[in-house]
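Please open the model in a viewer and keep the sequence panel at hand. The stops below are arranged so that each selection leads to the next.

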Amino acid sequence: MFVPVVDQNQQPLMPTSPKRARKMIASGKATPFWKRGVFCVRLNVEPSARNFQDVVVGIDPGSKKEGFSVKSKAHTYLNIEAEAVTWVKEHVKQRRQMRRARRFRKTPCRANRSNRKIGGISPSTKARWQWKLRICWWLKKIYPITKFVVEDIKAWTRKGKGRWNRSFSPLEVGKRWFYQELARLGNLITMQGYETKALRESLGLKKNHWVDAWCLAYSQTGGNLPDN
């Protein structure tokens with residue numbers, strides 16, 4: 001287990017051991033704080049060195065659960081299995097029903113906007129990918145992340161209709177938006193599902209969302225089996 005460290009300007013440094021973190025807190029050189037349930041320390045003095053290793057985040061998207069793993073070559077810093085966002089579609093449906101019901105009552109309501117083009121990404125799809133992006137933003141604030149490795153999921157396509165599916169599938173549209181935004185946070189690398197499976201089986205690990213995420217990160221860093 002390692003403790004994330006940030007400097008006085010909230011810039012992430014390499015994580016440290018719990019023992020060293022306790023010593024820095026006791027001497028007043030660091031201040032402890034929590035970031036979304038993760039214990040961190042903020043340095044009150046200038047760090048003795050700013051040597052960085054490659055820190056990679058593996059991301060395994062899923063329909064119900066999703067995996068995130070943060071590791072370098074030497075250590076695994078954090079493993080997460082997150083619940084996917086699945087409630088937006090029903091909330092949008094309920095909002096539409098309540099809005100339509102108000103039009104039959106004598107209550108203030110906006111006029112019906114008929115024949116309008118919605119465009120963009122559907123709310124449920126965008127919420128799913130925004131949730132992944134927010135987790136990456138959070139990790140980026142406490143770890144000096146250099147790369148993001150994502151398992152590239154694909155929508156079902158018809159033979160000879162690949163271009164049509166890529167343009168109109170919510171999965172493909174949301175995924176392209178996520179890749180575009182994630183590339184702004186660090187180097188983006190994608191891997192296919194069969195590549196993740198082959199790597200997991202070669203390491204003798206059992207399938208799990210965070211295990212797959214760890215394998216994705218391992219493909220870039222190497223090192224030993226999970227120590228966290």
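Are Tyr77 and Tyr143 buried or exposed? Select both residues in this predicted model: Tyr77 is buried, and Tyr143 is buried as well.

**The aromatic pairs**

With the two tyrosines still selected, display their rings. The ring centres of Tyr77 and Tyr143 lie 6.1 Å apart and the planes meet at 20 degrees, so this pair is stacked. The partners come from distant parts of the chain, 66 residues apart. Tyr77 belongs to strand E7 (residues 76-83), whereas Tyr143 sits in the loop between helix H3 (123-142) and strand E8 (145-151). Add Phe2 to the selection, and one aromatic cluster of Phe2, Tyr77 and Tyr143 is in view. The structure holds 6 aromatic pairs.

Move next to Trp129 and Phe178, an aromatic pair with 5.2 Å between the ring centres and 40 degrees between the planes, which makes the pair tilted. This pair also links distant parts of the chain: Trp129 is in helix H3 and Phe178 is in helix H5 (residues 170-182), 49 residues apart. Both Trp129 and Phe178 are buried. Before leaving Trp129, show the side chain of Lys132, which lies over the face of the Trp129 ring at 4.3 Å from the ring centre.

**A buried lysine**

Select Lys71, a residue of strand E6 (residues 65-71). Why does Lys71 count as buried? Its relative accessibility is 1%, and the cut-off for the buried class is under 20%. Now display the residues that Lys71 touches beyond four places away in sequence: Asp54, Val55, Val56, Thr76, Tyr77, Trp214, Ala217, Tyr218, Thr221 and Gly222. Tyr77 from the stacked pair is thus one of the contacts of Lys71. For a distance across the model, pick the C-alpha atoms of Lys71 and Thr31: the separation is 24 Å in space, with the two positions 40 residues apart in sequence.

**The four-stranded sheet**

Switch to a cartoon view and select strands E1 to E4. Which order do the 4 strands of this open sheet follow? The order is E2-E1-E4-E3, and the pairing is mixed. Strand E2 (12-16) and strand E3 (30-35) stand at the edges; each has a single partner strand, so one side of each has no neighbour in the sheet. From one strand to the next, the twist averages 30 degrees.

Within the sheet, strand E1 (residues 3-6) pairs with E2 in the antiparallel sense over 3 bridges. To inspect this pairing, select Val3, which stands opposite Thr16 in E2. Then add helix H1 (residues 18-27), which packs on the sheet and touches E1, E2, E3 and strand E4 (38-43). The direction of helix H1 makes about 50 degrees with that of E4.

**The cysteines**

For the last stop, select Cys40 and Cys136. How many disulfides does a search of the whole structure find? The search finds 0. Cys40 is in no disulfide, and the nearest cysteine sulfur belongs to Cys136, 16 Å away. Seen from Cys136, the closest cysteine sulfur is that of Cys40, and the 16 Å separation is too far for a bond; a disulfide requires the sulfur atoms to be within 2.5 Å. Cys40 is buried, with a relative accessible area of 0%, and Cys136 likewise counts as buried at 0% relative accessibility.

Key:
Residues are numbered from 1 along each chain as its sequence is written. This is a predicted model: local features need pLDDT of at least 70, side-chain atom pairs count only at pLDDT 80 or more; totals for chains, interfaces and linings use all residues. Side-chain values use heavy atoms; hydrogens and water are left out. Buried means under 20% relative accessible area, exposed over 50%, partly exposed in between (1.4 Å probe, protein chains only). Two strands pair if DSSP finds at least two bridges between them. Helices (H or I, at least four residues) and strands (E, at least two) are DSSP runs, numbered from the N terminus. Axes are lines fitted to C-alpha atoms, for helices over the stretch in contact, and angles run from 0 to 180 degrees between N-to-C directions. Contact means heavy atoms within 4.5 Å. Rings of Phe, Tyr and Trp (its six-membered ring) pair if their centres lie within 6.5 Å; planes under 30 degrees apart count as stacked, over 60 as edge-to-face and the rest as tilted. A charge sits over a ring if NZ of Lys or CZ of Arg is within 6 Å of the ring centre and within 35 degrees of the ring normal.
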